[in-house]
Amino acid sequence: MTEQHINAQEPRKVFLVGLTTSQANLTYELEELANLAKANNLVPVETFTQKLERPNPATYFGKGKVEELAEAAKTYEVDMIVANDELSPSQIRNLEKLTNTTVLDRTGLILDIFAQRAQTKEAKLQVQLARLQYQLPRLRTSMSVSLDQQTGAGGGGFTSRGSGETKLEESRRRITSQMVRIRQELAELSKGTSTRSAKRTTNELANVALVGYTNAGKSTLMNRLLARFGIGADTDDTKQVFEKDMLFATLTTTVRQLTLPDKKQFLLSDTVGFVSKLPHNLVSAFKSTLQEAANADLLLQIVDVSDEHYKDMMATTEKTLAEVGVTDVPMITVYNKADRTELVYPDVSGENTITISALDPASQDALIDLIKKQIFNDVQEVTLHIPFDQGAVQAKLAAKHTFSKEDYDETGTLITVELSELERKLYADYIV
């Protein structure tokens with residue numbers, strides 16, 4: 001095939017292809033694949049499906065369907081095919097030869113999107129490692145981007161053709177060497193992340209992590225809560241998180257402190273969104289990014305209840321959490337975007353379920369109340385006696401708590417305040 005020079009600003013026409021198997025929910029998966037393609041500046045012009053018990057080991061589709069694809073590619077002047085599954089190197093090579101197109105599988109598409117969205121050094125390294133792991137067995141296909149291009153962080157990626165083949169063995173050595181270096185860099189960055197998490201833990205603040213399907217409204221909810229309860233987020237855009245109506249709008253885990261009107265405080269973190277068939281290498285690479293969820297005291301699973309496939313999305317979220325080792329963390333299921341449905345909101349169903357619109361202040365208040373019941377469930381009201389010469393202790397308490405009662409005697413101040421179990425231990429000498 002001749003070299004293709006694609007303008008990154010111009011959408012590229014593609015075909016979507018997928019197989020119906022006994023376990024596949026193909027309609028849902030192809031809708032998602034189309035959204036992933038659009039998120040990467042690709043325009044699906046036609047979809048081809050075939051019912052097979054298992055993919056053809058040589059060409060994914062059967063012979064007749066491959067011939068149909070080749071003819072359609074000529075007719076529509078389409079030079080790229082996007083497959084709903086992860087294809088083997090031989091399947092890619094054979095399909096490209098028989099259809100005279102570039103073949104991009106679902107894994108390559110997701111990796112390309114992640115490469116373009118990654119902003120922090122850690123995210124860029126994680127994506128680069130996943131792409132190298134994916135690229136290594138595919139050096140003989142058009143998905144193999146030249147190593148010089150691949151070492152960059154961003155766009156183009158698998159949707160552009162490489163500038164030329166390198167010697168196979170040399171490429172393998174260079175990729176292996178890069179992977180070793182990246183793992184070392186990530187290990188060093190991980191130490192810093194662990195230190196920061198430890199500092200937050202010793203700061204006595206509970207950590208609430210937003211998890212869920214990409215584009216479910218996590219960043220929107222976080223920004224609305226930050227605008228009301230975050231420090232400076234209502235006037236400083238840098239305190240907000242990026243939000244946009246597209247898949248994988250952000251890959252960066254953001255942690256912010258919220259202070260409620262009663263002075264109760266907790267940390268809120270926004271994690272990377274999930275998608276079905278998330279590439280295994282990417283799941284492994286992003287374990288450290290999802291550490292906020294693993295270390296959380298409470299998870300909020302944000303669900304786009306307006307999407308007809310929301311139950312599938314919930315299953316994907318729970319499966320991915322299990323894959324990255326996030327287990328046994330209490331969870332509240334937050335059915336979001338109820339304003340796009342006929343559902344009543346805010347509506348609290350038990351201790352662990354709520355229906356809301358992230359844009360609605362009443363929904364935000366109801367969610368905050370539910371969070372408080374979960375993370376401050378060990379709070380008890382106690383009375384402390386603070387000697388006059390230990391005003392710093394009283395000032396520290398006043399900074400974090402609202403006193404329900406305050407009185408004085410000859411030697412100090414009597415205050416009545418709600419404290420957590422940990423705080424009661426810290427101030428045990430003052431409790432009367």
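Helices and strands are DSSP runs, of at least four residues (H or I) for helices and at least two (E) for strands, numbered from the N terminus. On this basis the chain holds 14 helices and 14 strands. The model is predicted. Of its 432 residues, 50% count as buried. Contacts between residues at least 6 apart in sequence were also examined: 69% of them join residues at least 24 apart.

Strands β8 and β9 were considered next. Strand β8 spans residues 298-304 and runs parallel to β9, with six bridges joining the two. Within this pairing, Gln-301 stands opposite Thr-333 of β9. Strand β9 is mostly covered, with five of its six residues buried. Asn-336 belongs to this strand. Its relative accessible area is 3%, so Asn-336 is buried. A polar atom of the Asn-336 side chain lies 3.1 Å from the backbone oxygen of Ala-216. Beyond residues up to four places away in sequence, Asn-336 touches Ala-216 and Gly-217. The contacts of Asn-336 also include Ile-302, Val-303, Asp-304, Val-305 and Ser-306. Ile-356, Ser-357 and Ala-358 are touched by Asn-336 as well.

Helix α8 covers residues 218-229 and contains Ser-219. An unreviewed UniProt entry lists Ser-219 and Thr-250 under "binding site". Ser-219 has a relative accessible area of 11% and is buried.

A hairpin is formed by β6 and β7, with five residues between the strands. Strand β6 covers residues 254-259 and strand β7 residues 265-270. The two pair in the antiparallel sense over six bridges. Arg-256 stands opposite Leu-268 in β7. In the turn, Lys-263 has a positive phi of about 75°. Leu-260 is found in the loop between β6 and β7. Despite this loop position, Leu-260 counts as buried, at 3% relative accessibility. Its contacts, leaving out residues up to four places away in sequence, are Phe-229, Phe-266, Ile-368 and Lys-372. Leu-260 and Lys-372 are 112 residues apart along the chain. Their C-alpha atoms are separated by 9.9 Å. Lys-264 lies over the face of Phe-376, at 5.9 Å from the ring centre.

Helix α12 (residues 361-375) includes Ile-371. Ile-371 is buried, with a relative accessible area of 0%. Neighbours within four places in sequence aside, Ile-371 is in contact with Val-208, Phe-266, Leu-298, Leu-300 and Ile-332. Phe-266 is thus a contact of Ile-371 and also of Leu-260. The C-alpha atoms of Ile-371 and Leu-299 are separated by 9.6 Å. These two residues are 72 residues apart along the chain.

Aromatic rings were then examined. A pair of rings is described by the distance of the centres and the angle of the planes. The structure holds four aromatic pairs. In one of them, the rings of Phe-15 and Tyr-76 have centres 5.5 Å apart and planes at 85°. Planes over 60 degrees apart count as edge-to-face, so the Phe-15 and Tyr-76 pair falls in that class. Phe-15 lies in strand β1 (residues 12-20), whereas Tyr-76 lies in helix α2 (residues 63-76). The pair therefore ties together parts that are 61 residues apart in sequence. Phe-15 is buried, at 0% relative accessibility. Tyr-76 is partly exposed, with a relative accessible area of 35%. Ring pairs also bring in Phe-48, linking Phe-15, Phe-48 and Tyr-76 into a cluster.

A further pair joins Tyr-310 and Tyr-335. Their ring centres are 6.0 Å apart and their planes stand at 85°, so this pair is edge-to-face. Tyr-310 lies in helix α11 (residues 310-323) and Tyr-335 in strand β9 (residues 331-336). The pair therefore ties together parts that are 25 residues apart in sequence. Tyr-310 counts as partly exposed, at 21% relative accessibility. Buried means under 20% relative accessible area, so Tyr-310 at 21% does not count as buried.

Definitions and conventions:
Residues numbered from 1 in each chain as written. Predicted model: local features only at pLDDT ≥ 70, side-chain atom pairs only at ≥ 80, totals over all residues. Heavy atoms only, no water. Pairing = 2+ DSSP bridges. Phe/Tyr/Trp six-rings, centres within 6.5 Å; stacked < 30°, edge-to-face > 60°. Buried < 20%, exposed > 50% of the residue type's maximum accessible area, 1.4 Å probe, protein only. Lys NZ or Arg CZ within 6 Å of the ring centre and 35° of its normal. Polar contact = N/O pair within 3.5 Å; in protein donor to acceptor, adjacent residues only side chain to side chain. Contact = heavy atoms within 4.5 Å. UniProt positions renumbered as here; feature names shortened; annotations may be inferred.
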